[in-house]
Amino acid sequence: MPAALQFQGEWGNQPDMASGIRNLGKMVGRWLAMIKTGPIIAGVLVVIAIAALQFAAIPGFDRLGLMVFDSYQNAAPRAYQDAGVRIIDIDEESVERLGQWPWSRTEIAKLTQRLSDAGAAAIAFDIVFSEPDRTSPRQIAARLPQEEGNEDLLRSLSDLPDNDDILADSFALAPVVGGFFLLHEDRGDPIELPTGMAVLGSPPSGQVEHYQGTVQSLPQLQQASAGLGSLSIVGDADGILRRAPLVFFHKDKLVPSLSLEALRVAQQAGSILVKTSDGSGETAGAPGSIVSLKVGDFEVPTTAAGELWMHFSEPAPERTIPAWKLLSDDISEEEIRAAVEGQIVFVGASATGLRDLISTPLNENEPGVIVHAQAAEQMILGEFLTRPDWAPGMEFFLILLLGGGLALLLPGAGATIGAAIGTVATLAVAAGSWLAFDQLHYLLDPTWPIIALILVYAVQTLLSFRQEEQQRAYIHTAFDRYLSPEMVRQIAANPERLQLGGEEREMTVLFCDIRGFSRISEQYDPKEVINFLTGFLTPMCNILLEKKATVDKFIGDAILAFWNAPLDDPDQFRNGARAALQMVDSLERLNRELPQKPGQVWPPDVKIGIGMNAGLCCVGNMGSQQRLSYTLIGDTVNIASRFEGLTKQYGVQILIGSALAEQLDGFALLELDRVKVVGRDASDTIYALLGDETLNRDPAYGIMQSWHDEFLTLYRAQNWTAASQMLGQHEATYSDAGLSTLVAVYRERIEQLSKGPVTADWDGVFEATRK
């Protein structure tokens, strides 16, 4: 029967170390199982929060996705194709050649006439002529002094045609699209469109931008224009224009953008048809969400707000013609015709101080006319970036699938495998989004699923790290008073070691017991007994732990400790021997000091016995699935417990076996006997551990050891008379060494053996009959 079980039987009603550790192990197991769900719950909550934000579509939270789309455009801008769109640019050179802006309206009329005569399909002005031309003859006459002698000059000027009227006449003879600015404040005249806009389905919802005021060109210019469109372009919250609005509300009336109206005029088409979700027959969405715009032969997919996702091209010089070239007398009509015939022409300015600058994904400072021109190009070419109706739903699904999947897998897979899974998922989402853009021109936002993956990983990793720290602290708190610091650190680093199982190791085992503890217990009440045990066990355990022992358990007043588990201790034998010797020395000090200590219960002259052995043991977490104890079992443990019992019979404080004695070269050992302990057939040679290397070097000890070995030789040779004489001769020395009981044991044996016949096979082995 294992020694540990025997002691538990003897001290069944006493609180022991094994029960404490088993209960703590059970508590830790439950706690570990409970906290494993913590990261999963946290990860799932993160996924739900991200999904809620994505579903709510709160303005501003899509900024990161828009930046990703910008990077796609920079990586793969739209390849320029000639779509029949040209820009007449009032650039720096044009201003230098033709004079400071604003030019005379007659120059603009000349430009308009030349473009019209050359066969331009539409001439769209990204300019608002809201004030009369100050160079008009009538304006000059109004500023001249009304003096005598000026009458003929004033009359002549007043009879000349007005520059604005000249421009209006040129507009009336050309496919001109005039422009206006929309304002949020209520001012300016109502807009009178040459052609209205029709709606198929529910009226467009509030997602379309609403305006109350306008800045328009002079009335005669507006009336002379074949079309009218808004020049207003507003970027996103970060100032970057990604979506060009094609329709607007002005006082509950739909009006087109300049690019959309230019496309209508170029085709000489009728009304622009606005299709909303419930009128398209194709798309399911909120009623009033715009789906597309039909203008002539072209159908343009839009956002719900009637915007066109812009896919900007790289700079294309062939798209732009400087204004000065068309106004120069050096250019022929044939050259102009070759440049603009059948083209939609946008007239705008890039000269410093004239241009309205727009930030795009490709350029921080882009003239607004470029946006109008490229929007018209995309509508003609059918080159659209689209964000499908199913995109938000798919992104929502990916958040739940990938984020939720990682939240469930990561706590079990660990940080490294979880990072690999998360990285693969992130790359897959990013690659899918890029391929959708590059191959299909779809805008699929990868940021929400990726954010979910990153945050789930970060939150769960941080939470797991925090819980591991709490777990280590908990284990330290629970076990610090029972196990060696090394073992506590190892279990804290690897809590999974709190499972059933063991391993075979070469170990050193120590049993320590207080002599006459039952008699001591009778003298005191239970609280005083506990006070005494605390005063005794605390310094003894400090010594053991200092010498790298693992304190297995307390069995009442007894201590079971061992070396070389759970960590390797190459010096286990010497550490065990030094610990035992130090315990004996410490007890002498306690016997002197504690009786005088106030509040400390301490009986007079407390004695201990220590049994030690070395050999193979099975060590590990033993017990059942419900209760565990980190302990050791084996023959080595049983023998060590018997050796502790033999210390009373031989009157020594530390008794060890031959296996340990062989490992203590240099220590002061004295062979005591050859014995068969209770419950074991094989015999062993036992030794008293009297001291360390210092005592072993003492000449007096060497002399005592030599004649004691001679005594054992005489005794085992059955020379009873000589052996008895030697005991008597050195009895004083034995007594000084604390071995008086040993002398008494051998005298009694010699007396009994000398009286009767000794069997022929007698080998000097004593068979113990009690523990």
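Begin by selecting residues 31-35, where pLDDT stays under 50 and the model has eight contacts beyond four places in sequence. This is a predicted model, and a second segment deserves the same treatment: extend the selection to residues 1-21, where pLDDT again stays under 50. For residues 1-21 the model has 44 contacts beyond four places in sequence. Where pLDDT is low, the predicted coordinates should not be read in detail. For the protein as a whole, the mean pLDDT is 87, and 87% of the residues reach 70 or more.

Next, select residues 210-211, which form strand 5, together with residues 253-256, which form strand 10. These are the edge strands of an open sheet of three strands, each pairing on one side only. The strand order is 5-9-10, with mixed pairing. Add strand 9, residues 247-250, and inspect how strand 5 runs beside it: the two pair in the parallel sense over two bridges. To locate the register, display histidine 210, which stands opposite phenylalanine 249 in strand 9. Strands of a sheet pair through backbone hydrogen bonds, either parallel or antiparallel.

Now move to residues 391-413, helix 16, which has 23 residues. From its first C-alpha to its last, helix 16 reaches 31 Å, close to the 33 Å expected at 1.5 Å a residue. Center the view on alanine 407, where helix 16 bends by about 25 degrees. Proline 411 follows within four residues of alanine 407. Then step to glycine 414, which follows helix 16 and has a positive phi, near 95 degrees.

Keep helix 16 displayed and color its buried residues: Ala391, Glu395, Ile399, Gly403, Gly404, Leu406, Ala407 and Leu410. The site of the bend, alanine 407, is thus itself on the buried list. An α-helix has 3.6 residues a turn, so residues three or four places apart point the same way.

Finally, select cysteine 617 and cysteine 618. How many disulfides does the structure hold? The number is zero. The sulfur of cysteine 617 has its closest cysteine sulfur in cysteine 618, but no bond is possible because the separation is 8.8 Å, which is too far; a disulfide would require the sulfur atoms to lie within 2.5 Å. Cysteine 618 is likewise in no disulfide, the nearest cysteine sulfur being that of cysteine 617. Is each of these two residues buried or partly exposed? Cysteine 617 counts as buried because its relative accessibility is 2%, whereas cysteine 618, at 28%, counts as partly exposed.

Methods
Residues are numbered from 1 along each chain as its sequence is written. This is a predicted model: local features need pLDDT of at least 70, side-chain atom pairs count only at pLDDT 80 or more; totals for chains, interfaces and linings use all residues. Side-chain values use heavy atoms; hydrogens and water are left out. The expected span of a helix is 1.5 Å times one less than its number of residues. The bend at a residue is the angle between axes fitted to the seven residues ending there and the seven starting there. Buried means under 20% relative accessible area, exposed over 50%, partly exposed in between (1.4 Å probe, protein chains only). Two strands pair if DSSP finds at least two bridges between them. pLDDT is the predictor's confidence in each residue, from 0 to 100. Contact means heavy atoms within 4.5 Å.
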